[in-house]
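Here are a few exercises to work through with the structure open beside you. Try each task first, then read on for the solution.

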Amino acid sequence: MKVIRVNVSDGNIVHEAINVDSKFYRVGGRALTSLVVSKEVPPKCDPLGEKNKLIISNGLITGGSAACSARTSIGAKSPLTKGIKEANTGGNSAMILARQGVRALIFEGISDILRVLVIKDGNAELIPGDFLKGKGTYETAEILKEKYEEKIGVYSIGPAGEFKMKAASISSIDLEGYPSRHAARGGLGAVMGSKGIKAVISFPSKTSEIKFHDFDGFTKVARPFAKNLVETREKFSTYGTAIMIDLMNSLGGLPTKNFSSGSFDKIQNITGQKLIELIQERGGKNRLACSPTCVIRCSNLYNDKNGNHITSSFEYETIVMNGSNLLIGDLDELAQIDHLCDDVGVDTIEFGATMGVAMESGKIKWGDAEAVKSVLNEIRNGSKTGFLYGNGVVHAGTILGVKRIPQVKGQAISAYDPRVFKAMAVTFSTSPMGADHTAGAAIYGRKARADKNYGELIDPNMKIELSYELQIFTAVLDAIGCCYFIGPSWENMSYAANLLNTMYGWNMSADDVIEFGKEIIKRELEFNRQAGLSEDMNDLPEFFRTESSEPTGLTFNIRKEDLVSIWKKLEE
Ligand code: SF4
């Protein structure tokens, strides 16, 4: 395996082999991206300047057959949080790159010249990218597939990334060929834009460079685990993440009207059940895998009334942050908003939160889907309005004079009301990644250990512990390249160890793997400290503590000192 460094300032490309002595030998995915950021990026540098680096890495076990193991981690110093960032995505590229023997790409320097990086047979070449200037990610994918071949892998940015807007995402094309999967959070699309990289394309190879220490042993570990996932995730496969919408509403934890309420009066129009009915009626698809080896297959493809494709990967967070949060109760409108976000290349969570503060300020009317879509076109055009809303919730909320800004460390809170989802709120407050649910997703009913009692959802007791454990186990899954929907649990740490041992001939125990997860987070926290994001910032905006959320009447009531000291346990 190797790492390819691409200096966009002088066009130099260097290949670094990963052998047993390499610093990259025991890292992949988030472990690799965070290692490079912490060792090679000055913590106080300008995230859009020449000292920041953008790293795209597949996981330690990507390239094998283990379930849901072909995820991509993308890392950099974040323009939104100013701290370390890893954003995770599906799509086809991670597997293609792994099979070519490429573990990671590291982009260094800065450039105004728009280019495309082409990876074929393990070789990399920068080519002019002006023919894609200003194009949305959908058109970019179409042009590239037509120019090269249908099955290429494509990461790309839309106009928002080219304009270096701080809510910009990086798209990855899914297995149907749509750029619907996004490394969305943290503004990494802006970092890619600052490097002048419009797209990274990779060509599938007939043979694989992936080597196994014990191929049969690996298969013996991977196969029964995959079988169990298929059996236990049946309902989730059918409905996808939207399965949670109705439940969240009934728990009173569905962000509504910029987090002023926890339930939505038009809920019946946006439930997972309704979504599936429309998908099936209109010839869309559910139960889709977003990346190779996925057996859970929670993704989907959503058509309009005439059977024409509107969007794919139409997910819980997008539907809620742009639906109930903005009082838009219409799945067709939300699908169009999702498509536009994906096409201009902005994070649907950051964007939905931003529209929430815009509506609260009175600048846009509640429930006005047309106005929301026109904002996305302003982002596409790079207008003054586009920059107002394309730079994230804090930027827009501050300029508009809004006091209730749902964010932590500069990044929007995702679609879980923190007053109800107490452990999720701990993750929002304490993750090195800012308010990112994927860093330790304490959804309803999730435990980090089957034998432990973490208390009721709304009970503050044990929630520090639950989030702490989930964050560590998630870091492990991010590092090996697995989707966290396989379960960031203590039980699955033995599974991860067995996969690593059979693949590499290592001798790791579950405890070693957990230690590995802790090391990732320690490194990230240290970068953040040096960047100026101290653990004193581990808290939610005041209004979550002072305003109760209806209908539950709950406030956020986990002590600030417990949030600040959560990571002290890493030293124990
Ligand atoms: S479980 Fe869902 S998000 Fe995870 S890899 Fe599969 S389709 Fe993608």
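**Exercise 1. Two domains side by side**

Task: find how far apart the centres of domain 2 and domain 3 lie, and which elements of domain 2 touch domain 3.

Solution. Start with the distance: in this predicted model, the centres of domain 2 and domain 3, taken over C-alpha atoms, are separated by 24 Å. Next, count who takes part: 19 residues come from domain 2 and 21 residues from domain 3. On the domain 2 side, helix H8 (244-251) and strand E16 (407-408) are the elements that supply two or more residues. H8 gives the most there, with three residues. Sort that side by class and you get nine nonpolar, eight polar and two charged residues. To place these pieces on the chain, use the domain bounds: domain 1 covers 2-202, domain 2 covers 233-411 and domain 3 covers 418-571.

**Exercise 2. A sheet and its edges**

Task: work out which strands stand at the edges of the six-strand open sheet, and why one side of each lacks a neighbour.

Solution. Write down the strand order, which is E8-E7-E12-E9-E10-E11, with mixed pairing. Now look at the two ends: strand E8 (123-128) and strand E11 (181-183) each have a single partner strand, so one side of each is left without a neighbour in the sheet. Going from one strand to the next, the twist averages 20 degrees.

Zoom in on one pair. Strand E9 (residues 153-156) and strand E10 (residues 170-172) run antiparallel and are joined by two bridges. Pick Ser156, and its bridge partner in E10 turns out to be Ser171. Finally, add the helix: H3 (residues 137-147) packs on the sheet and touches E9, E10 and strand E12 (197-202). The direction of H3 makes about 145 degrees with that of E9.

**Exercise 3. One helix, two neighbours**

Task: decide whether H19 is roughly parallel or roughly perpendicular to H1, then do the same for H18.

Solution. Take H1 (residues 29-40) and H19 (residues 510-531): their axes come within 10 Å and cross at roughly 30 degrees. Angles under 35 degrees count as roughly parallel, and H1 and H19 are therefore roughly parallel to each other. Their crossing is left-handed. From H1, the contact uses Arg30, Ala31, Ser34, Leu35, Val37 and Ser38, while H19 supplies Ile520, Arg523, Glu524, Glu526 and Phe527. By class, that makes five nonpolar, two polar and four charged residues.

Now turn to H18 (residues 491-504), which packs against H19 at an angle of about 95 degrees, with the axes 8 Å apart. The range for roughly perpendicular is 65 to 115 degrees, and so H18 is roughly perpendicular to H19. Here H18 brings Met493, Ser494, Ala496 and Ala497, and H19 brings Ala510, Asp512, Val513 and Ile514. This contact has six nonpolar, one polar and one charged residues.

**Exercise 4. A hairpin**

Task: find how many residues lie between E14 and E15, and which residue in the turn has a positive phi.

Solution. First locate the strands: E14 covers residues 299-303 and E15 covers residues 309-312. They run antiparallel, and three bridges join them. For one example, Leu301 has Ser312 as its bridge partner in E15. Then look at the turn: five residues sit between the two strands of this hairpin, and Gly307 has a positive phi of about 85 degrees.

Note on methods: Residues are numbered from 1 along each chain as its sequence is written. This is a predicted model: local features need pLDDT of at least 70, side-chain atom pairs count only at pLDDT 80 or more; totals for chains, interfaces and linings use all residues. Axes are lines fitted to C-alpha atoms, for helices over the stretch in contact, and angles run from 0 to 180 degrees between N-to-C directions. Helices (H or I, at least four residues) and strands (E, at least two) are DSSP runs, numbered from the N terminus. Angles under 35 degrees count as roughly parallel, over 145 as roughly antiparallel, 65 to 115 as roughly perpendicular and the rest as oblique. A crossing is left-handed if the near helix is turned anticlockwise from the far one by less than a right angle, and right-handed if clockwise. Two residues are in contact if their C-beta atoms, placed from the backbone, lie within 7 Å. Ala, Val, Leu, Ile, Met, Phe, Trp, Tyr, Cys and Pro count as nonpolar, Asp, Glu, Lys and Arg as charged, and the others, Gly among them, as polar. Domain bounds come from an automatic or database domain assignment. Two strands pair if DSSP finds at least two bridges between them.
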